[in-house]
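Hello,

Here is the structure I promised to pass on to you. Have a look at it first, and then read on for what turned up.

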Amino acid sequence: MRSSNLLANLPALAFTSPRHAPLCPYAYDLPLPPSSSEKKNTDGIECLLQAVAPYRRRDPQSPEEAEHLENLFTSLRLAGTARTDHVSHLVGELQGVELMIRIVGKGGHGGAPALRTLADMVNDNDERGGKEAAARIISAGGLRIIPPMLMGKGIPRPAPCTDAGNSSFSTKEGKISIKIQRRRRREREEHRTAVRSDIIYILYGLARHIASDTPEDARDRFLLKFTEDACAKADRLVELLLRFDMAGRAAEARYLLNAQEDDNDEGEDEENLTAGATAARLAKGGDLFHRTAAVLGFVCIGSRRAHEFVLERLRVLGSGIGVVKVAIMEFSDLLDDSPHRDLLLTYLDSL
């Protein structure tokens, strides 16, 4: 899971006095917790959900407010996934998944961090928490919102007050400098990349945790998304799979080339060199390559029509199902023995 476990050792997420600092450094607009004399506890995770809830209807109006919102979501992810009971509390009693789906569905600035929060919840290291989050995403209507984003539909829009959301080349004072224009283009690209990454993570989490006994025919409905519209979403996954593979291999090659150029006086340990090259590849596309392949593996195993389409599409693009198998094998080799790894191995046996 990508979120830090800094809060894992907290005894409880509760505010028992106004003297206790809130989890978010910018949470000055949260309701004050009751005093200890009242002998009541205010749920910290619930306070964070209440703080982000208004952004399902509106965008931040200033860069400072946008940063405030990002900090609220960061605190929510850290607090909500710190421990197993926190995940269950956030996903279950507080209906955090439902709120995140509503924010994403509005397509505003809060949609991107809400997607990231969903990705962390459904990919939680605890199997029970991940399964509960996956089932909640399905029941909350997530399949109507998240899979279409693969095709570029309903992508969250950054607020105009941010660099990523401001595409203007001039102001009342005159033309914007080339430096600022470049910064805005870079921020827009980073936003698109982050959203795409979170979509893949969510789809992978759903494929990992949805089973035949998941309520509301979740498995069949999930598979249907990749066979409808002439398998358009399966086609998109194949395209992304090959793109992520190329990006990861290019990063690995650059790392090895730079290591060779720097290796003038003393040689680098081969094991460290291999580890560094692997890390570079994972960071620049390799990790998404593995997870996209796992989603394709799940879809191909569950749908004969999708399997035949993927085989033909890979053949047309000069590849084959072997690239999916290699990616899943690499992914499983990076994991310790666990139900997660066992699931990937079953994909290999079935493909």
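Ala230 sits in helix H10, which covers residues 228-262. This is a predicted model, so please read everything here in that light. What caught my eye about Ala230 is its backbone: phi is near 60°, a positive value in a residue other than glycine. As background, most residues other than glycine have a negative phi. Is Ala230 buried or exposed? Its relative accessibility is 57%, and because exposed means over 50%, Ala230 counts as exposed.

Asp217 is another residue to look up. Its phi is near 50°, again a positive value in a residue other than glycine. Where does Asp217 lie? You will find Asp217 in the loop that runs between helix H8 (178-209) and helix H9 (218-224). With a relative accessibility of 55%, Asp217 counts as exposed.

Now for the chain as a whole. You can count 14 helices and 4 strands in its secondary structure. The chain has 351 residues, and 47% of them count as buried. How much surface does the chain expose? The figure is about 17800 Å², with carbon and sulfur atoms supplying 50% of it.

One last item concerns contacts along the sequence. Taking the contacts in the chain with a separation of 6 or more, 72% are between residues 24 or more positions apart.

If you are opening the model now, Ala230 in helix H10 and Asp217 in the loop between helix H8 and helix H9 are two places to visit.

Best wishes

How values were computed
Residues numbered from 1 in each chain as written. Predicted model: local features only at pLDDT ≥ 70, side-chain atom pairs only at ≥ 80, totals over all residues. Heavy atoms only, no water. Buried < 20%, exposed > 50% of the residue type's maximum accessible area, 1.4 Å probe, protein only. Contact = heavy atoms within 4.5 Å. Areas by Shrake-Rupley, 256 points an atom, 1.4 Å probe, with all protein chains shown as cover.
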